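Biologist: I'd like a close look at one part of this model, the way its helices pack, and then a walk outward to the strands. Could you take me through it slowly?

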Amino acid sequence: MTEASRQSEALQQAKASLQRAQKVARMGAWEFDIPANELTWSDEVYRLFEVRPDEFDGNFEAFAARVHPDDLDMLQQAQAQTVAGKGDLDVEHRILLPGGGIGYVHERAQLLRDDQGQPWKLAGSVQDITERKRAQALEDGQRRILASIAARRPLGESLMALVRLAERQMPGALSSVLLLDEAGQHVRVGAAPSLPSEYNAAIHGLPIGPKAGSCGTAAFRGERVVVSDIDKDPLWEDYLPIVQPHGLKACWSTPVKASDGRVVATFATYYRDVREPRDVELEVIDGLAALCAVAIEHDAAFQSITTGQQRFRSLFDEHPDVVYSLDLEGRFTEVNEQFQRIAGVRPEDVLGRPFDELALDSERDVVRAHFTAATQGEARSFEMTWLAVDGRRVEMRVSNLPIIVDGRVTGVFGIAQDISLLRKHQRELSDALDAAETLSQQLHRLSEASISVNRDLDEETLYQQLADRAREIVGAHQAIVSVQTDGGGQLLDAISFSDKYARWRDYDVPIDGSGIYTLVGEGQQCMRMTQAELEAHPRWRNFGAESDRHPPMRGWLAVPMVGSDGKTLGILQLSDKYRGEFSEDDQQVALQFSQMAVIAVERARLLAKLQVRDRFFEMSLEVFVVYDPTTGRWIQVNQMLADITGYSREELCSRPIIDFIHPDDVEATRDRSRSIGRGRQVTRSFVNRYVRRDGGVRYMEWMSAPADGLVYAVGRDITQRLQAEETLRQTLVDLNARNRELQDFAFIASHDLQEPLRKIRAFVALLQQRHAASLSGEARDYLDRTSQAANRMQVLINDLLAYSRVAARGKPFTQVKLETVLAGVLEDLETSLETSGGRVEAGSLPEIEADATQMRQLFQNLLSNALKFRSPDRAPVVRVSAEADSGVDGPGWILRFQDNGIGFDPRYADKVFAPFQRLHARQEYEGTGIGLAIVRRIVERHRGNIHAEGRPGEGATFVIRLPARQPAGTTGLAVPLSEP
């Protein structure tokens, strides 16, 4: 091998090595002959631009056509600067890829000149930086979303930002977030801006399941579901009519899980072509799904805490009695408006004053003893006399309830009820002992209803975990979380040191918030320094007297913890990075971590406050409820309402409130709730009745206020103050309209229907009398059938008139002896009884208030019915009996008409009372089928009820319940209880 060949081979190897390196680095070389306008690319450049050599014209215009239009002017200016000799070309810009994609490249070039010194060529390189740009965009987007979450922006806004970020990271993707409902069984569209609105509407509310497309299946399984071809995948076969019209071909869905493992949403990515995901795309999706979980959980926690605070505030302010809170020294810390009304002193004048200043000198020691018992964890209820500012003496019943947080009493809640009038009544009443026993039972139930509030994680443990996690994530040997105290300084809450600094783990001196810490805390600035820069900083004060005890530092990174109110909550500090100095990326990571830490700290603090309020809610002697007018149900009640109604709290919240409200008060209750929900002015108090489990009725007085679409109410049982003076009335509105319809019908039946019928019967009769002999046998048969049909029509009309006149022409109610009624009916049926060989057996029948004529018709129809439908193999026997009954509407009687006829199938027990309903053919038994309908109408007019019991081949029994007396004020035109 010659030296030239060896050099040539070495040159080829070097060239091949360079090409491999360029391919790995996604970098290519190019030359641009300026005078000739000829542009030469290496193979890697063609791969970067995704074009073949035969598709590229090799000039600047062909290259410019592939540059993003928004970047072309900037690129040309940079190139002109280089040609003008003002430095090498070094620029980043976007390029247009076939298929609509966009890439990012970094161009570097030097100017070459010819022998005359004129610009000749630009020789340069181009490197693909698309992935770096996308990673940077992803990090920036995540940072903005975390900031939005920390600022408590609406959840929908955060989800929309997540979806838009995903679509920018994966060109061509159509992303969506579907939220699961509270039951976790149906999906709701949370954010899907690029998907067709018709498609979003179609999938909103669909159930999850093992074969419910990509999202429904992912939510059901709790794992990622990748469908690369929707048209062929069995998971989508039931949903093809929904998805195919919109050209969606692929869908990858990842479940979004809460911290407890529950699936709360799905993060989906659609494409309009069939494709599989790349690993880098799945990594992006996983990161965004985790961020989505943070947004959802933060929103749910904040909503829960905010709702609880509003509930407590509503209950405190709207309580009809005096409500106050005391510190452990017995000084007032908060009072409601009722306090001012009773004590005659403004709240601002009493806050910070000892509570026992209101007590009589003779009672002060006893009152203090009860307060002391409450500070030791014992709930006390007692009576005392308040001295108002104007000298009035007000008799009060006071309940002192301990405020317990983390098992420690931190204060006392007090509820004071003005019992001056009640005390006067108690002194006059002889049953004082019974009243005292009732009070004792109420206090006992209050004690049982007390609930201790437990938090998932106390603040001290939370701070330590934050410090440990911050140190692990950033990679440093030291981490300190300092949280703002009430006095405005800084308190060292948690430190986290690696084994390198194990000897300083007991260091517990808080920072004073001065010097350089002021720039971070008050100025809310991030600070990142090397150790030399820190020590040279004019605001650095070292550690003063604690310098010998403080662990040595090596570099410093500090970020402020800014709360949702814009104020500094604390400072997160890190020192001594594992490798090298803290970088800009470290600072951004620490800042994001501090935002998440603020969310966790504020949630823990709010939950701690919520515990106090919830305990007050549970231990109150009054009724507290939260009502949702959209569902008609309570969403929260305290134990006192359960004690009053006799139902458990679970039963009260699981059923509509109208199940417990007296029927006459339902509409008034709904109207008030609706008015409050719409912000209308209503009276301060409201009274309605509740039906206890044992059937008793309790009167409740309510004060309520709306908030966030809910109604918050405080109630009190006032049954002992009221007397039931009126019986229930039934409305006559429906009756009047019904009677008008029946009267119109009666008129039509009496005139318009009967007039043509009379003519038909008359002409048929004339034909039979005058022309029967001249007619054929077939014609006479037709006339006979016509005459029979006309007669049946006449009977039908008469029956309809009788049915319609039950209410329209009923007579006033009088005292009616049913035995007399039965005797008269038996006289009318004497012939039928003899013909059939039947008999009627009757016991003692009562005297009731009724319409005598209609009672006779009732007995007539029932007995006639029994004789008509008799068994062919035995004589009919009808037994009539009566027994007293005490119902909810007062005393009454139950009448039974029992026969031994053919009976009927029990399935038709309701059908027999419908007008014109027959269980047999007309040829078997005559009649129109309206007799029993008239019976039921008569019973309903008398405010009774009737039902039938049948046994095929054995007989039938008709059971009627009638009141002994009709309600006062009832007229002859009563409203039927049900439609015929």
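Modeller: Before we start, one term: residues are in contact here when their heavy atoms lie within 4.5 Å. Also keep in mind that this is a predicted model.

Let's begin with helix α5, residues 130-150, and helix α6, residues 155-169. Their axes lie 10 Å apart, and the packing angle is about 180°. Because of that angle, α5 counts as roughly antiparallel to α6. Who touches whom? On the α5 side you'll find R134, A135, A137, L138, G141, Q142, R144, I145, S148 and I149. They meet E157, S158, A161, L162, L165, R168 and Q169 of α6. Sorted by class, that contact has 8 nonpolar, 5 polar and 4 charged residues.

Now jump along the chain to α27, residues 852-868, where we can look at two partners. One of them is α28, residues 931-941: the two axes come within 9 Å and cross at roughly 145°. The crossing of α27 and α28 is left-handed. From α27, the residues involved are Q854, M855, Q857, L858, N861, L862 and N865. Facing them in α28 are G931, L932, I934, V935, I938, V939 and R941. The class count for α27 with α28 is 8 nonpolar, 5 polar and 1 charged.

The other partner is α25, residues 818-828, which packs on α27 with the axes 9 Å apart and an angle of about 50°. That angle is why α25 is called oblique to α27. Here the crossing is right-handed. L818, V821, L822, G824, V825, L826 and D828 are the α25 residues in the contact, and they meet M855, R856, F859, Q860 and L863 in α27. By class, α25 with α27 gives 8 nonpolar, 2 polar and 2 charged residues. If you want one residue to click on, try M855: it meets α28, and it also meets α25.

On to the strands. β6, residues 174-180, runs antiparallel to β7, residues 187-191, with 4 bridges joining the two. One pairing you can check by eye is V177, whose bridge partner in β7 is A191. Together β6 and β7 make a hairpin with 6 residues between the strands. In its turn, G184 has a positive phi of about 70°.

There's also an open sheet of 5 strands, paired antiparallel in the order β12-β11-β15-β14-β13. At its edges sit β12 (332-335) and β13 (380-387), each pairing on one side only. On average, neighbouring strands in this sheet are turned by 30° against each other, ignoring direction. Zoom in on one pair: β11, residues 322-326, joins β12 in the antiparallel sense over 3 bridges. L326 is bridged to F332 in β12.

Last thing, how far should you trust what's on screen? The chain's average pLDDT is 79, and 79% of residues score at least 70. Residues 724-733 fall below 50, and that stretch has 12 contacts in the model beyond near neighbours in sequence. Residues 972-980 are also below 50, with 35 contacts beyond near neighbours in sequence. Where pLDDT is low, the predicted coordinates shouldn't be read in detail.

Conventions:
Residues numbered from 1 in each chain as written. Predicted model: local features only at pLDDT ≥ 70, side-chain atom pairs only at ≥ 80, totals over all residues. Heavy atoms only, no water. Axes fitted to C-alpha atoms, helices over the stretch in contact; angles between N-to-C directions. Left-handed = near helix turned anticlockwise from the far one by under 90°. Nonpolar A, V, L, I, M, F, W, Y, C, P; charged D, E, K, R; others polar. Pairing = 2+ DSSP bridges. Parallel < 35°, antiparallel > 145°, perpendicular 65-115°, else oblique. pLDDT = per-residue confidence, 0-100.
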